[in-house]
Amino acid sequence: MAATKTEGRAPSKANIELFSPTYFGACALGGIVSCGPTHTSVTPLDLVKCRRQVDPNIYTSNLSAWRSIFAKEGIPGVFFGWAPTLVGYSFQGAGKYGFYEVFKYYYGEKLFPNANKTIVYLGASASAEFLADIALCPFEAVKVRMQTTLPPYASSLREGWTKVTAKEGMGGLYKGLYPLWGRQIPYTMVKFATFETTVDQIYKTLGKPKESYNALQQTGVSFLGGYIAGIGCAVISHPADVMVSKLNADRQPGESGGKAMSRIYGNIGFRGLWNGLPVRIAMIGTLTAFQWLIYDSFKVSLGLPTTGGH
């Protein structure tokens, strides 16, 4: 199936011209709103997941982990690492959603107008995530070090950033970039392509054009499509997620990325790459669903069409 002419063929109710710089800027802002707060809200899950990935024996269960952390440190301990999460994933959200809309338009409308839609979604999302991760990586490095070391490597984003750069230079903030790409690019390709395909299928199953449903119903479809996409995202990206946590916590000074990954894999084996998967499925499925709901609700609030279903 050739790539269809996307939202640009439908008139916008806003004073924002579709596929203009203002439109793409609005999409980037929607990405910030949808990604930064949602990732921050699941910091307690992420904290326990990261620690169990690095040391499977540290807690007997997720519930016991939260009880233990809360008893010792209270709510601040449960949400430890929220600051680098909020800042990093806000930057990443801007790039992920903003550049996705840019690349989807240029790949599907300008460069390859007869290309298969799914290929366009995959290419646009991969290109967007490649750039978005460059912004995310320094904050992810600080977050993982804070969350996976006991006692904590640092107590704040500023302290963690200063300690890493003082000891390792700016390169220390990017030593996990390749595995981050390995985790996030397949994740985002599944997230966007599955979402777009799922939303299309939902409207086909409902039997009416997308435009015949009101804004609340359309954003409900976005939520359902996002949850389905999130399950696939969690599974396909989990081994790389484990490796990112291990590398940031256990990579030796001067050790190459390949050598570090080989050493870590030798220690944990194939099964170790799947530590914490059930928690991540719950986290990412819910996270992705709410991200799409918030993103499309934000677009609707500006009078712009929701994503997919064309």
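Tutor: Helices in this discussion are DSSP runs of at least four residues, numbered from the N terminus. The model is a predicted one. With that convention, Ala 26 is placed in helix H1.

Student: Is Ala 26 buried or exposed?

Tutor: A residue counts as buried when its relative accessible area is under 20%. Ala 26 has a relative accessible area of 10%, so it is buried. Leaving aside residues up to four places away in sequence, Ala 26 touches Ile 16, Phe 298, Leu 302 and Leu 304.

Student: How far apart in space are Ala 26 and Asn 114?

Tutor: Their C-alpha atoms are 27 Å apart, and 88 residues separate the two in sequence.

Student: I should like to turn to helix packing. How does H1 pack with H10?

Tutor: Two packed helices are described by the angle between their axes and the distance between the axes. For H1 and H10, the angle is about 145 degrees and the axes are 9 Å apart. The crossing of these two helices is right-handed. From H1 the contact draws on residues including Tyr 23, Ala 26, Gly 30, Gly 31 and His 39, and from H10 on residues including Leu 287, Phe 290, Phe 298 and Lys 299. By class, the residues of this contact comprise 11 nonpolar, 6 polar and 1 charged.

Student: At what angle do the axes of H7 and H10 cross?

Tutor: Helix H10 covers residues 277–301, and its axis crosses that of H7 at roughly 55 degrees, the two coming within 12 Å. H7 is therefore oblique to H10. This crossing, too, is described in terms of hand: H7 and H10 cross in a right-handed manner. On the H7 side the contact is made by Arg 183, Tyr 187, Lys 191, Phe 192 and Phe 195, while Arg 280, Trp 292 and Asp 296 are among the residues that H10 contributes. The classes here are 5 nonpolar, 2 polar and 4 charged.

Student: Which residues of H2 and H5 meet?

Tutor: In H2 they are Thr 43, Asp 46, Leu 47, Cys 50, Arg 51 and Val 54; in H5 they are Lys 143, Gln 147 and Thr 148. This contact has 3 nonpolar, 3 polar and 3 charged residues. The packing angle is about 70 degrees, with 9 Å between the axes. H2 is thus roughly perpendicular to H5.

Student: Charged residues have now appeared several times. How many salt bridges does the count come to?

Tutor: Side chains of opposite charge can pair when their charged atoms come close. In this model the count comes to 12 salt bridges. One of them joins the side chains of Asp 46 and Lys 49, with an N to O distance of 3.3 Å. These two residues are 3 apart in helix H2 (residues 43–54), and so about one helical turn separates them. Both Asp 46 and Lys 49 are buried.

Student: What is the partner of Glu 196 in its salt bridge?

Tutor: The partner is Lys 104, and the closest N and O atoms lie 3.0 Å apart. Because Glu 196 lies in helix H7 (residues 177–206) and Lys 104 in helix H4 (residues 82–111), the pair ties together parts that are 92 residues apart in sequence. Glu 196 is buried at a relative accessible area of 2%, and Lys 104 is buried at 5%.

Student: Where do Glu 140 and Arg 183 lie?

Tutor: Glu 140 and Arg 183 form a salt bridge whose closest N and O atoms are 3.1 Å apart. Glu 140 belongs to helix H5 (residues 117–148) and Arg 183 to helix H7, so parts 43 residues apart in sequence are tied together. Both of these residues are buried. Through shared partners, salt bridges join Asp 46, Lys 49, Glu 140, Lys 143, Arg 183, Asp 241 and Arg 280 into one network.

Student: Finally, how should one read the backbone angles? Which residues does a cis peptide bond join?

Tutor: Most residues other than glycine have a negative phi, and most peptide bonds are trans. The cis bond joins Leu 150 and Pro 151, with omega about -5 degrees. Pro 151 sits in the loop between H5 and helix H6 (157–168).

Student: What is the phi of Phe 19?

Tutor: Phe 19 is not a glycine, yet its phi is positive, about 65 degrees. It is located in the segment before helix H1 (21–41). Phe 19 is buried, its relative accessible area being 12%.

Terms used. Residues numbered from 1 in each chain as written. Predicted model: local features only at pLDDT ≥ 70, side-chain atom pairs only at ≥ 80, totals over all residues. Heavy atoms only, no water. Salt bridge = Lys/Arg side-chain N within 4 Å of Asp/Glu carboxyl O. Buried < 20%, exposed > 50% of the residue type's maximum accessible area, 1.4 Å probe, protein only. Axes fitted to C-alpha atoms, helices over the stretch in contact; angles between N-to-C directions. Parallel < 35°, antiparallel > 145°, perpendicular 65-115°, else oblique. Left-handed = near helix turned anticlockwise from the far one by under 90°. Contact = heavy atoms within 4.5 Å. Nonpolar A, V, L, I, M, F, W, Y, C, P; charged D, E, K, R; others polar.
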